[in-house]
Amino acid sequence: MVLTKTAKNDESVCTMFGSRYVRTTLPKYEIGENSIPKDAAFQIIKDELMLDGNPRLNLASFVTTWMEPECDKLIMDSINKNYVDMDEYPVTTEFQNRCVNIIARLFNAPLKESETAVGVGTVGSSEAIMLAGLAFKRKWQNRRKAEGKPYDKPNIVTGANVQVCWEKFARYFEVELKEVKLSEGYYVMDPDKAAEMVDENTICVAAILGSTLNGEFEDVKRLNDLLVKKNEETGWNTPIHVDAASGGFIAPFIYPELEWDFRLPLVKSINVSGHKYGLVYAGIGWVVWRASEDLPEELIFHINYLGSDQPTFTLNFSKGSSQIIAQYYQLIRLGFEGYKNVMENCIENMVVLKEGIEKTERFNIVSKDQGVPVVAFSLKDHSFHNEFEISEMLRRFGWIVPAYTMPADAQHITVLRVVIREDFSRTLAERLVADISKVLHELDTLPSKISKKMGIEGIADNVKEKKMEKEVLMEVIVGWRKFVKDRKKMNGVC
């Protein structure tokens, strides 16, 4: 009989979970000395990623989490294309140009039949807003120089509800951010107050079509009318930029009569996120201008390829082509009819969720019926528990539902928010309502967690007699934030 011996260090006879690679701790913050097999690297990473949340149950995000398999294949087939290599990939460049023209016309840009729209694809609305802001700043500076006036103190007027990218723009490019404060029950920019804050140094007023906080559309037409009158009185010619990151792919299909876009004369540029309700995975945004004169020529770089001139205006250089191709796929695949169907489904599921939450009789609905399909809601009674606890307990069911406070001067209001995306079905809406009811029932059987953690057990009865209700709520919010922050420190999360 022939006996065969196997070497103890022969990894080929072991299963992945029987190999040394899952028994040995790999360095996490410095590169390892030796290579490891590809299947081991794959399994180690895949195992850790299991601890991430489920993207489709991430109701905090506006970003698309599902696309058709055919589009997934197109994305993978073009994953190795660098968009900036226009010589090598002229068709991809042409796809971007087609998307820009489709979107500009969707936003009613005043273009002739054969006229080419002015716009560019970006990695998201943040870059798009930076580019639009730079155009406004440069045009304002050029006008002030020509008039012999100071041009060193530009400002921009927004609501306090704007996304953080506006604050980044202001800080990075040295522009004063003048914010219109919010108030209880009114969580978007008041156009009358915004118009009052405009002065000769205002490069533009930014209006939001779909607030991140509650999905509400701001009144762009009212703002336009007020600024038209003020411009006539002052000669300042203050323009408007519309941040339609969330609402740009909703309003044209659901609210076609709503005037918010280039139908209004002072709207000079609009940004929209392709990776939100444009129905493309994360990494694509768009900015379009009303006309070529609204984008100063000195900001545009020109590249010659295949015998033609290719203007380019971006903050990035290299970027992938996949999302541009995916956006073009969605535009030709769905068409107006398809986008309208998707958005109508989102609105219908939003109504189902809203009505289910209202039936609990425990919440006030903060979101509006007209706007982005979002349900934002807050507890009627904060005596014993708050929205942060509900958010935390819903994670046990797999749901990621954010809880947050409103900006100034409504920071005493705390809300939960659910974003209704294309892949959030009626069944999931009904299931979420059932799970919220379970959480409420469980909280009712528990002592006040906030009071224990903060050491203020008598907050419901004693403190209310001494302080205003808003002060009590702010104390609870600050205490809860401190508790969450301390716990994160204990978990080593930075």
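**Notebook: a sheet, a helix and a buried asparagine**

I started at Phe377, which stands opposite Leu416 in E13. The model is a predicted one, so I kept an eye on confidence as I went.

I then looked up the strands around this pair. Strand E11 covers residues 374-379 and strand E13 covers residues 414-419. I found four bridges between E11 and E13, and the two strands run antiparallel. In general, strands of a sheet pair through backbone hydrogen bonds, in a parallel or an antiparallel way.

Next I followed the sheet outwards. It is an open sheet of four strands, and I noted the order as E10-E11-E13-E12, with antiparallel pairing. At the edges I found strand E10 (363-365) and strand E12 (403-405), each of which pairs on one side only. From one strand to the next, the twist averages 40°.

I checked what lies across this sheet. Helix H10, residues 387-394, lies across E10, E11, E12 and E13. I noted that H10 runs at about 35° to E13.

I moved to another part of the chain and picked Asn155. This residue lies in strand E2, which spans residues 155-159. Is Asn155 buried or exposed? Its relative accessibility is 2%, and because buried means under 20%, I entered Asn155 as buried. Which side chain does the side chain of Asn155 meet in a polar contact? I found that of Asp199, at 2.9 Å. Asp199 also appears among the contacts of Asn155 beyond four places in sequence. That list further holds Val175, Glu176 and Lys178, and also Asn201, Thr202, Ile203 and Cys204.

I then took stock of the whole chain. I counted 14 helices and 13 strands. Of the 494 residues, 49% are buried. Among contacts with a separation of 6 or more, 70% are between residues 24 or more positions apart. The accessible surface comes to about 25,600 Å², and carbon and sulfur atoms hold 52% of it.

Last, I looked up confidence. The mean pLDDT of the chain is 89, and 87% of the residues reach 70 or more. Over residues 456-466 pLDDT stays under 50, and the model has 15 contacts for this stretch beyond four places in sequence. Over residues 488-494 pLDDT also stays under 50, with one contact beyond four places in sequence. Where pLDDT is low, predicted coordinates should not be read in detail. I left both stretches without further notes.

Terms used. Residues are numbered from 1 along each chain as its sequence is written. This is a predicted model: local features need pLDDT of at least 70, side-chain atom pairs count only at pLDDT 80 or more; totals for chains, interfaces and linings use all residues. Side-chain values use heavy atoms; hydrogens and water are left out. Buried means under 20% relative accessible area, exposed over 50%, partly exposed in between (1.4 Å probe, protein chains only). Contact means heavy atoms within 4.5 Å. Accessible areas come from the Shrake-Rupley method with a 1.4 Å probe; for residues, only the protein chains shown count as cover. Two strands pair if DSSP finds at least two bridges between them. Axes are lines fitted to C-alpha atoms, for helices over the stretch in contact, and angles run from 0 to 180 degrees between N-to-C directions. pLDDT is the predictor's confidence in each residue, from 0 to 100. A polar contact is a pair of N or O atoms within 3.5 Å; within protein, one must be able to donate a hydrogen and the other to accept it, and residues adjacent in sequence count only if both atoms are side-chain atoms.
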